[in-house]
Amino acid sequence: MLVLNCSTKLLALEKILKSHFPESLKVYGAVMNINRGNPFQKEIVLDSWPDFKAVITRRQREAEADNLDHYTNAYAVFYKDIRAYHQLLEEPGVINWDQVFQIQGLQSEIYDVSKVVANAKQLDIKLSSFKAVHFSPISSLPDTSFLTVSPPRLTHLSVNDADLLNRTWSRGGNKQCLRYIAKLISCFPSVCVRDEKGNPVSWGITDQFATMCHGYTLPDHRRKGYSRLVALTLARKLQSRGFPSQGNVRDDNEASINLLKSIHAEFLPCRFYRLILTPRAFSGKARL
């Protein structure tokens, strides 16, 4: 195991990962954030350098942790050789197996290998799989002509909006998610449309892997073009900062899939995998 903390090597890793798109996108996004201030207190673990075969991003060990918070306790994985990933999982100190956590990646073998190790360590594992999406470069601002009468207005989220996002996110509804969303809003780009009272009615945020997530429009404000505007604006905001604009969508979310098709988003050949791992001591306590 090697913890990569040299700024020159981290910049070199960023360039290497870019040559392995799209499978490396999750790790690439985390490395970009590390190289631009590291607001989420991440670090990089590899099997070797510079000719690595597996890389894992994780929270720094000194970062404050809640053992039930799988949102924040998140790892992203990219490997050139699945055996190297397996060996990294087995190495002491790479993963904190005593807490609830998640593993993300865009390679199909992640689940099977992680499951073998998790079973041996008596952790339960839950798999979710989604369509992975990438936005083409957006050269101009999205059309905002329908917002000429103010309000509504296009702006960004504040941490005061975190409770609303927690209540409306299918993965939310608990204190860990509330804290996580507030942290995302304070650290990373977001976009929202606000009504005449200043309340968000449509929004999108960016997570710790530079992934666009929790795109949502309140039911009473749908079919007004807000979701399209938010998605395109957030994608362009990320691209203007040098980040790839990526996301994921459930296979049964037809409305979002149709929206993504209408704005010419690219559905990637690989899928997004999220594994949530729970030590049996915490079974029934964690909100997954």
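Where does P22 lie? In this predicted model, P22 is found in the loop between α1 (7-18) and α2 (25-35). The peptide bond that joins F21 to P22 is cis, with omega at about 0 degrees. A second cis bond runs from W49 to P50, with omega near 5 degrees, and P50 belongs to the loop between β2 (42-46) and β3 (54-59). As background for both sites, most peptide bonds are trans.

F21 also takes part in an aromatic contact. The search of the whole structure returns 10 aromatic pairs. In the pair of F21 and Y28, the ring centres are 4.8 Å apart and the planes stand at 85 degrees, so the arrangement is edge-to-face. The two partners can be described by their accessibility: F21 is partly exposed, with a relative accessible area of 31%, whereas Y28 is buried at 4%. Elsewhere, F40, Y71, Y180 and F188 make up one aromatic cluster. Rings also meet charged side chains here. The charged end of K26 sits over the ring of F272, 4.3 Å from its centre, and R36 lies over the face of F243, at 5.8 Å from the ring centre.

Turning to the strands, 12 of them form an open sheet with mixed pairing, and their order is β1-β2-β3-β4-β5-β12-β6-β11-β10-β9-β8-β7. The edges are held by β1 (2-4) and β7 (153-155), each with a single partner strand, so one side of each has no neighbour in the sheet. On average, neighbouring strands of the sheet are turned by 25 degrees against each other, direction ignored. At the β7 edge, three bridges join β7 to strand β8 (residues 190-194) in an antiparallel arrangement, and T155 stands opposite C192 in β8.

Within the sheet order, β12 stands between β5 and β6. Strand β5 (residues 101-105) runs antiparallel to β12 and is joined to it by five bridges, with I103 opposite L275. Strand β6 (residues 123-134) pairs with β12 over 11 bridges, again in the antiparallel sense, and here S129 stands opposite Y273. How many of the 14 residues of strand β12 (residues 266-279) are buried? The count is 10 of the 14, so β12 is largely enclosed by the rest of the structure.

The same strand contributes to the largest pocket, which has a volume of about 1300 Å³. Its lining comprises 49 residues, of which H214, G215, Y216, N253 and S256 lie nearest the pocket centre. Two or more lining residues come from each of β5, β6, β9 (200-206), β10 (211-217), α7 (226-240), β11 (246-249), α8 (254-262) and β12. The largest share, seven residues, is given by β10.

H214 deserves a second look for its backbone. This residue of strand β10 has a phi near 45 degrees, a positive value in a residue other than glycine. By contrast, most residues other than glycine have a negative phi. H214 counts as buried, at 8% relative accessibility. Another histidine with a positive phi is H264, at about 60 degrees. Is H264 buried or exposed? With a relative accessible area of 64%, H264 is exposed, and its position is in the loop between α8 and β12.

Technical notes
Residues are numbered from 1 along each chain as its sequence is written. This is a predicted model: local features need pLDDT of at least 70, side-chain atom pairs count only at pLDDT 80 or more; totals for chains, interfaces and linings use all residues. Side-chain values use heavy atoms; hydrogens and water are left out. Buried means under 20% relative accessible area, exposed over 50%, partly exposed in between (1.4 Å probe, protein chains only). Helices (H or I, at least four residues) and strands (E, at least two) are DSSP runs, numbered from the N terminus. Two strands pair if DSSP finds at least two bridges between them. Rings of Phe, Tyr and Trp (its six-membered ring) pair if their centres lie within 6.5 Å; planes under 30 degrees apart count as stacked, over 60 as edge-to-face and the rest as tilted. A charge sits over a ring if NZ of Lys or CZ of Arg is within 6 Å of the ring centre and within 35 degrees of the ring normal. Axes are lines fitted to C-alpha atoms, for helices over the stretch in contact, and angles run from 0 to 180 degrees between N-to-C directions. On a 1 Å grid over the protein atoms alone, a cavity is a set of points where a 1.4 Å probe fits but cannot get out, and a pocket is an open set with protein on both sides within 12 Å along at least five of seven lines; lining residues have an atom within 4 Å of a point. Grid points are joined across faces, edges and corners, and a volume is the space filled by probe spheres set on the points.
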